[in-house]
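Got your viewer open? Let's take a walk through this structure together, one selection at a time.

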Amino acid sequence: MAEEIKSLDALNAVAGGAEALVAEIAEPREPVRDELGRSYATGKRKDAVARVWIKPGSGKVTVNGKELNVYFARPVLQMILRQAFTVAGVEGQFDVMATVKGGGLSGQAGAVKHGISKALQLYDPSLRPALKAAGFLTRDSRVVERKKFGRRKARRSFQFSKR
């Protein structure tokens, strides 16, 4: 019986140390902004890489020096970019300046969305739970599979001929 009590005391001591460690790790996050009041983040999707700066403003979005509806002409791509703001509940409150390279338009839109989401949570850490729950802070790691030798594409074989 005495041995059980000693082991329980040891477990409680370990658990108490773990609680202190969790409390130490769970400190409130500080906003990360530069001297101009902007937050910066890098977003990635497929082969596209986007550098994104956000600052408080009227909701103007500029991608590679062009307006949002000029650079991303398809409404679906514009909707993808606005998703981060709607989930966080801050539509029209931030100006976005993004430069994006690589990949196609769909990958670039996903990269800018990823960058906007990361920049929003750096600007205002209270937005992090909503963005995290929606999965916008996770980099979508799906990329094109490489072509293998002896195959027509990544997995497609040449047509079999019996004769």
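Start with a small opening: the second largest pocket, which holds about 180 Å³ of space. Keep in mind that you are looking at a predicted model. To see the walls of this pocket, select G59, K60, V61, L68, L81, R82, F85, T86, E91, G92, F94 and I116. Now colour helix 3, residues 75-88: this helix supplies the largest share of the lining of the second largest pocket, four residues. Colour that lining by residue type and you'll get six nonpolar, three polar and three charged.

Keep I116 selected for a moment, since I116 is part of that lining. Skip its neighbours within four places in sequence, and what does I116 touch? Show V52, L81, A84, F85 and V96: I116 is in contact with each of them.

**Into the core**

Next, go to the largest nonpolar core, which has 32 residues. Pick out I54, F72, L81, V96, I116, L120 and L131, the members that touch the most other members. Which elements give two or more residues to this core? Select strand 2 (48-56), strand 3 (61-63), helix 2 (68-71), helix 3, strand 5 (94-101) and helix 4. Helix 4 brings the largest share of the core, with seven residues. In soluble globular proteins, nonpolar side chains tend to be buried together.

**Over to the largest pocket**

Stay with helix 4, residues 105-123, and look for the largest pocket: helix 4 and strand 1 (39-45) are the elements that each give two or more residues to its lining. Helix 4 gives the most here, with five residues. The space in this pocket comes to about 250 Å³. Its lining has 15 residues, and to find the centre you can select R45, I80, G110, K113 and D140, which lie nearest to it. Colour the lining by type once more: this time there are two nonpolar, six polar and seven charged residues.

**Zoom out**

Finally, show the whole protein as a cartoon. You should be able to count five helices and five strands. Trace them from the N terminus and the order reads α-β-β-β-β-α-α-β-α-α. Of the 163 residues, 30% count as buried. Switch on the surface: about 11100 Å² is exposed, and carbon and sulfur atoms supply 56% of that area. One last thing to try is drawing contacts between residues with a separation of 6 or more; 67% of these join residues 24 or more positions apart.

Terms used: Residues numbered from 1 in each chain as written. Predicted model: local features only at pLDDT ≥ 70, side-chain atom pairs only at ≥ 80, totals over all residues. Heavy atoms only, no water. 1 Å grid on protein atoms, 1.4 Å probe; cavity = no way out; pocket = protein on both sides within 12 Å on 5 of 7 lines; lining within 4 Å. Points joined across faces, edges and corners; volume = space filled by probe spheres on them. Nonpolar A, V, L, I, M, F, W, Y, C, P; charged D, E, K, R; others polar. Core = buried A, V, L, I, M, F, W, Y, C linked by side-chain atoms within 4.5 Å. Buried < 20%, exposed > 50% of the residue type's maximum accessible area, 1.4 Å probe, protein only. Contact = heavy atoms within 4.5 Å. Areas by Shrake-Rupley, 256 points an atom, 1.4 Å probe, with all protein chains shown as cover.
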